[in-house]
Amino acid sequence: MFKPTRFISRKRSQRILLAATCIALASQVNFQTYTPGFILTLSVFLLPIFLYFNGDLNPIQLTGAIALASPIFRGVLLFISHDASWTNIAQFIVTDMAFYLCYGILYDLLYWRRGQRNNSSFFFTILLCDYLANLLEVSLLTGFSHYSYQLFQLLFITALVRSLTSCLLAFLYHYFTLMMRAENHEQRYYHFIWVASSVKSDVYFMPELSNQVQHFRPILSYWFS
C-alpha cells in the first residue's frame, strides 16, 4: 500500500482555511431528503480527499474549521433568501456543525491516531464516519424519533456511494502521481547509466591512446626538433 503524501504544500492554517472554503462552497450543491433541514451535499465528497492528502493535519481542527464555515455560510444564504425562520436556521446550523464535528472525532479515533494506515482502513473509516455523522444529524433534526428501516438504508447507501467515489478519486490520483514519479526516476536512472557508460568508454580508451602517443613520440620529436 502506498502512503499518502501531502497534497497542498502550504502552511497548515492556510490549508485548513482552503479546505473550509472549498467545502463551504461545495455544500451549496445539495438536495433535501427525508426531513426538512437534512440535505445531501457535494461537500462530503471533498472532505475525505482533503483528509487523505493532508495526513499531517489534525482532523478535529480541520473539521472544526469546516463546521464553522459551511453551516454559517448556509445559514447566511437561508437568511438572505428568507427560506427559513430564525429558529429553523439556528437548528440547521447546529445540526450541520454536529455532522462535521462527529465526522472529525470519529476519523480521529478510528484512523488518524492509529500507527499503521492503509487504503482499506481509510475507506471503511470514511464509510463509518459518513454514516454515523449523517445518523446523528437526522436524529437531531427529528428529535431522536421517527426511525425507520428505509432511513437506515438511505443513510448507508448515501455513505457508501460518497465514500466509494471519494476514495476512488483519491487513490487514483495518488497512484498516477506515483507512476509519474517512478517514470521520471527511471528516466533519470537511464540517463545516469548512459553517462556512466560514456565515461567508462573514455577511460577504457585512454590507456590505448596513451600508448599510441608514446609510440609516435620519437617520430614526432625527430620531425619537430
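Aromatic pairs are a good place to start in this predicted model, which holds 14 of them. One of these is formed by Tyr 52 and Phe 53, whose rings meet edge-to-face, at 5.0 Å centre to centre and with 90° between the planes. Both Tyr 52 and Phe 53 are buried. A further pair joins Phe 99 and Tyr 100: the ring centres are 5.1 Å apart and the planes stand at 85°, over the 60 degrees required, so this pair is edge-to-face too. Phe 99 has a relative accessibility of 4%, which is under 20%, and therefore counts as buried. Tyr 100, at 4% relative accessibility, is likewise counted as buried.

Tyr 52 and Phe 53 also belong to a wider group of rings. Together with Tyr 107, Tyr 111, Phe 122, Phe 171 and Tyr 173, they form one aromatic cluster.

Helix packing offers a second view of the model. Helix H1 spans residues 12–26 and helix H2 spans residues 43–53, and their axes come within 8 Å and cross at roughly 160°. This angle is over 145 degrees, so H1 runs roughly antiparallel to H2. The crossing of the two helices is right-handed. On the H1 side, the contact is made by Ala 19, Cys 22, Ile 23 and Ala 26, while H2 contributes Ser 43, Leu 46, Leu 47 and Phe 50. Sorted by class, the residues in this contact of H1 with H2 comprise 7 nonpolar and 1 polar, with no charged residues.

Conventions
Residues are numbered from 1 along each chain as its sequence is written. This is a predicted model: local features need pLDDT of at least 70, side-chain atom pairs count only at pLDDT 80 or more; totals for chains, interfaces and linings use all residues. Side-chain values use heavy atoms; hydrogens and water are left out. Rings of Phe, Tyr and Trp (its six-membered ring) pair if their centres lie within 6.5 Å; planes under 30 degrees apart count as stacked, over 60 as edge-to-face and the rest as tilted. Buried means under 20% relative accessible area, exposed over 50%, partly exposed in between (1.4 Å probe, protein chains only). Axes are lines fitted to C-alpha atoms, for helices over the stretch in contact, and angles run from 0 to 180 degrees between N-to-C directions. Helices (H or I, at least four residues) and strands (E, at least two) are DSSP runs, numbered from the N terminus. Angles under 35 degrees count as roughly parallel, over 145 as roughly antiparallel, 65 to 115 as roughly perpendicular and the rest as oblique. A crossing is left-handed if the near helix is turned anticlockwise from the far one by less than a right angle, and right-handed if clockwise. Contact means heavy atoms within 4.5 Å. Ala, Val, Leu, Ile, Met, Phe, Trp, Tyr, Cys and Pro count as nonpolar, Asp, Glu, Lys and Arg as charged, and the others, Gly among them, as polar.
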